[in-house]
Amino acid sequence: MTPRTALPDPAIPPIDAVFRALADPTRRHVLERLNRSPASVSELASPFDMALPSFVEHLRVLEGCGLVHSRKTGRVRTYQIAPARLKMAEDWLSEQRALWERRLDQLDDYLLTLKEEEKP
């Protein structure tokens, strides 16, 4: 029998698992929906034209990488966003942006220096 949630693969760094999950538009849409409030599987699946088992696999990927958490009450499984993993992705992107901004500033300074040196 298949486990209820996908377990994280210890060979894949958490940041890689998060970006792999975010690469899919269906999963991004689910996260956007969960930003408003927790929701049941049926609520989350309703906008999508796919079989429920296929949709549930998207939820397993999201839960497996830690972007969402679920709880079961009776027969209803409810999902909610887990902001810590999103923060990890945000922090990584911020570091990359800062790095490239510094590099572009250095390039700008260098080009301005070259331009000044060319003046007679």
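In the predicted model, Val-30 touches Leu-44, Phe-48, Phe-55, Leu-59 and Leu-62, when residues up to four places away in sequence are not counted. Val-30 belongs to the largest nonpolar core, a set of 21 residues, and together with Leu-34, Leu-44 and Leu-67 it is among the members that touch the most other members. At least two residues of this core are supplied by each of α1 (14–22), α2 (25–34), α3 (41–45), α4 (52–64) and β3 (76–81). Helix α4 provides the largest share, with 4 residues.

The chain as a whole contains 5 helices and 3 strands. Their order along the sequence is α-α-β-α-α-β-β-α. The radius of gyration of the chain is 21 Å, whereas a compact globule of 120 residues would have a value near 14 Å. Along the principal axes, the C-alpha atoms occupy a box of roughly 80 × 30 × 20 Å. Buried residues account for 30% of the 120 residues. The exposed surface of the chain amounts to about 8,600 Å², of which carbon and sulfur atoms supply 56%. When contacts between residues at least 6 apart in sequence are considered, 54% of them join residues at least 24 apart. With respect to charge, the chain carries 18 positive and 18 negative charges, and the mean positions of these two sets are 12 Å apart.

Strand β3, one of the elements that supply at least two residues to the core, also contains Thr-78. Thr-78 counts as buried because its relative accessibility is 16%, below the 20% limit for that class. Apart from its neighbours within four places in sequence, Thr-78 is in contact with Pro-38, Ala-39 and Ser-40, and also with His-69, Ser-70 and Arg-71.

Helix α5 spans residues 83–118 and includes Leu-86. The relative accessible area of Leu-86 is 27%, and this residue is therefore classed as partly exposed. Outside its neighbours within four places in sequence, Leu-86 is in contact with Leu-67 and Ile-81. Of these two partners, Leu-67 is one of the core residues that touch the most other members. Leu-86 and Val-76 are 10 residues apart in sequence, and their C-alpha atoms are 25 Å apart in space.

Two charged residues of the same helix were also examined. Glu-90 is located in helix α5. With a relative accessible area of 46%, Glu-90 is partly exposed, as the exposed class begins only over 50%. The C-alpha atom of Glu-90 is separated by 17 Å from that of Leu-34, a residue 56 positions away along the chain. Leu-34 is itself among the core residues that touch the most other members.

Lys-115 is likewise placed in helix α5. This lysine has a relative accessible area of 53% and is therefore exposed. Between the C-alpha atoms of Lys-115 and Pro-13, which are 102 residues apart along the chain, the separation is 45 Å.

Notes: Residues are numbered from 1 along each chain as its sequence is written. This is a predicted model: local features need pLDDT of at least 70, side-chain atom pairs count only at pLDDT 80 or more; totals for chains, interfaces and linings use all residues. Side-chain values use heavy atoms; hydrogens and water are left out. The radius of gyration is taken over C-alpha atoms; the globule rule is 2.2 Å times the number of residues to the power 0.38. Buried means under 20% relative accessible area, exposed over 50%, partly exposed in between (1.4 Å probe, protein chains only). Contact means heavy atoms within 4.5 Å. Accessible areas come from the Shrake-Rupley method with a 1.4 Å probe; for residues, only the protein chains shown count as cover. Lys and Arg count as positive and Asp and Glu as negative; His and the chain ends are not counted. The place of a charge is taken as NZ of Lys, CZ of Arg, CG of Asp or CD of Glu. A nonpolar core is a set of buried Ala, Val, Leu, Ile, Met, Phe, Trp, Tyr and Cys residues joined through side-chain atoms within 4.5 Å.
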